[in-house]
Amino acid sequence: MKPSFQKYRPFEQIRLPDRQWPNRVIDKAPLWCSVDLRDGNQALVDPMNLQEKLEFFKALCDMGFKEIEVGFPSASETEYEICRELIEGGHIPDDVTIQVLVQAREHLIRKTFEAIRGAKNVIVHFYNSTSTLQRKVVFHKDMQGIIDIAVEGARLIRELTENYEGDTHIRYEYSPESFSGTEMDNAVAICAAVMEALGSTPENPVILNLPDTVEMCTPNTYADQVEYFIRHLPNRDSAIISIHPHNDRGTGVAAAELAVLAGAQRVEGTLFGNGERTGNLDIVTMGLNMYTQGVDPQLDFSNLPALRQLYERCTKMHIHERQPYAGELVFTAFSGSHQDAINKGTQYMQEHNSEYWEIPYLPIDPADVGRQYEPIIRINSQSGKGGAAFVMQQTFGYTLPKAMHPEFGALVKAECDRIGRELSAQELFDVFRRSYLEAPKVYELAHGSVFEEEAGGQVRFRGSIIVEGTPHPVEAEGNGPIDAFFRALEQVGVQDYHFLSYHEHAISSGSDSKAIAYIELQKPDGGKVFGVGIASNINKASILGVLNAINRSCPTVK
């Protein structure tokens with residue numbers, strides 16, 4: 001018995017030894033056509049109603065789409081009515097062309113022309129299936145029979161256009177549906193026949209749309225098909241080459257990108273890839289892929305959260321958390337090494353005032369797609385020490401010194417392990433607050449002042465330290481505020497601590513600004529400990545930081 005995989009025939013490759021598309025780059029946006037209101041709508045469990053379609057249409061116009069396929073008006077009365085409402089309700093901007101889809105069948109074509117009356121700009125998009133398999137299994141016709149269907153449809157459409165009353169500007173689009181499964185010479189032949197029947201000219205070109213209706217091969221082969229077709233098409237300058245990729249193999253975006261390299265000028269697809277089976281080309285992904293290469297996609301993706309909300313509400317579909325650019329988690333790092341690299345990249349850009357985006361693991365600035373208020377780094381038990389520090393800095397303005405990252409990271413990891421899930425930013429700050437700002441106090445500053453002596457540059461500390469509830473007056477000199485305070489601590493029995501490092505910064509601005517000091521000490525047992533002090537005066541913040549470190553290291557403090 002044969003293995004089950006052997007019942008599938010390998011896809012026949014295109015013989016194109018001198019292919020040119022691998023040497024090209026995408027340096028400008030194609031013409032975009034949204035088919036969200038047609039193909040995507042057909043694929044919904046709960047189709048959009050009229051108000052949802054109108055809202056979606058307006059959003060597409062606001063994004064910058066100039067060509068929008070609004071439906072299949074001859075397919076149902078609902079589709080017909082939606083087309084009429086768009087026209088009669090004045091919803092279509094003057095610079096937007098609506099596109100209507102119709103099979104190459106006479107009664108459907110006539111119904112379609114009724115549906116578009118009064119519109120300013122319309123593309124009549126007609127099609128018939130051409131693939132080897134469809135001819136054999138569905139239509140039981142040879143290729144000439146399939147060509148005859150397309151030509152008859154083209155002649156009727158041209159006749160109806162020439163006799164059309166009104167000011168509607170009508171353009172033509174023809175799709176050899178299932179192009180990807182059609183022999184290339186047959187695809188060229190049927191499109192050439194349609195062009196002739198329509199009377200296509202360079203001044204009035206037909207849109208020839210080459211659907212990857214069922215993705216059957218690797219993207220490079222689809223690109224070969226498109227390049228072969230373009231090379232062999234007669235009167236090439238009388239056609240605009242369009243593509244309509246699907247995503248059956250999960251490579252719809254790649255197929256579209258390579259097809260554009262192969263010469264396609266126009267791309268049909270949907271927002272977030274909705275459509276039959278595994279969906280259409282995802283225009284958001286393809287457009288933002290171009291954006292990250294410094295190419296203007298000519299579409300506005302600056303508020304992806306709003307587009308995502310609209311899409312999910314109108315289509316009742318869910319955008320996966322890992323969907324490129326739009327998914328909830330795509331700008332989130334849990335991995336410690338990723339968090340550290342993002343943190344360092346952010347610091348690098350600030351320090352160097354870089355004009356280019358240079359942050360590892362983030363191919364695009366989240367702010368460019370409206371995600372600037374969402375956490376880039378999220379914290380769980382697998383997160384690294386740099387991630388917690390990043391959130392403290394970005395969300396709360398606390399710039400923890402690098403030497404402090406391991407200590408605080410260990411506290412955060414222990415809390416994640418305790419609760420068994422990730423920490424929110426506020427929960428992360430709560431760990432910091434409990435561990436440092438609210439640490440139990442064996443030693444406490446009742447009051448104190450720092451005085452700089454005129455002679456010798458010495459500094460004097462004078463004040464009172466509370467030890468386990470009892471105040472003790474102290475006074476000592478040192479070569480700086482911290483040194484003077486250390487000497488004062490010796491008077492209440494605190495000894496054998498050594499100062500290691502000091503960092504400070506402001507944590508607010510204006511008249512109510514405060515300073516925060518991070519003090520690293522070596523404990524009597526040789527270990528290291530950090531303390532944090534916050535006060536309106538930097539000298540007091542430093543003193544409080546020293547006390548905080550000592551209190552956190554006291555054996556009696558849990």
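At what angle do helix H16 and helix H17 pack, and how far apart are their axes? The views below come from a predicted model, and the first of them gives the answer.

**View 1. Helix H16 packs against helix H17.** H16 covers residues 481–490, and H17 covers residues 538–553. Their axes lie 10 Å apart and make an angle of about 45 degrees. Angles under 35 degrees count as roughly parallel, and 65 to 115 as roughly perpendicular. The two helices are therefore oblique to each other. H16 passes H17 in a right-handed crossing. On the H16 side, the contact is made by Pro481, Ile482, Phe485, Phe486 and Leu489. On the H17 side, look for Asn539, Ser542, Ile543, Val546, Leu547 and Ile550. Nine of the residues in this contact are nonpolar, two are polar and none is charged.

**View 2. Strands E9, E10 and E11 form an open sheet.** The three strands stand in the order E9-E10-E11, and their pairing is antiparallel. E9 (443–452) and E11 (470–478) are the edge strands, and each pairs on one side only. On average, neighbouring strands here are turned by 15 degrees against each other, direction ignored. How many bridges join E9 and E10? The antiparallel pairing of E9 with E10 (residues 459–467) runs over nine bridges. To find one facing pair, look for Val450, which stands opposite Phe461 in E10.

**View 3. Helices H16 and H17 both pack on the sheet of View 2.** H16 lies across E9, E10 and E11. The direction of H16 is at about 135 degrees to E11. H17 touches E9 and E10. The direction of H17 makes about 145 degrees with that of E9.

**View 4. Strands E12, E13 and E14 form another open sheet.** Again there are three strands, here in the order E12-E13-E14, with antiparallel pairing. Why is one side of E12 and of E14 left without a neighbour in the sheet? E12 (498–506) and E14 (528–535) stand at the edges and have a single partner strand each, so one side of each stays unpaired in the sheet. Neighbouring strands of this sheet are turned by 20 degrees against each other on average, direction ignored. E12 pairs with E13 (residues 515–522) in the antiparallel sense over eight bridges. Ala506 stands opposite Ala515 in E13.

**View 5. Helix H14 crosses helix H15.** H14 spans residues 405–419, and H15 spans residues 425–437. Their axes come within 10 Å and cross at roughly 115 degrees. Is the crossing left-handed or right-handed? H14 and H15 make a right-handed crossing. From H14, the residues in contact are Glu407, Phe408, Leu411, Val412 and Glu415. They meet Leu428, Val431, Phe432, Arg434, Ser435 and Tyr436 in H15. The residues of this contact divide into seven nonpolar, one polar and three charged.

**View 6. A salt bridge joins Glu162 and Arg158.** The side chains of Glu162 and Arg158 meet at 3.2 Å, N to O. Where do these two residues lie? Both sit in helix H6 (residues 143–162). They are four residues apart, which is about one turn of the helix. The model has a count of 32 salt bridges.

Conventions: Residues numbered from 1 in each chain as written. Predicted model: local features only at pLDDT ≥ 70, side-chain atom pairs only at ≥ 80, totals over all residues. Heavy atoms only, no water. Axes fitted to C-alpha atoms, helices over the stretch in contact; angles between N-to-C directions. Parallel < 35°, antiparallel > 145°, perpendicular 65-115°, else oblique. Left-handed = near helix turned anticlockwise from the far one by under 90°. Contact = heavy atoms within 4.5 Å. Nonpolar A, V, L, I, M, F, W, Y, C, P; charged D, E, K, R; others polar. Pairing = 2+ DSSP bridges. Salt bridge = Lys/Arg side-chain N within 4 Å of Asp/Glu carboxyl O.
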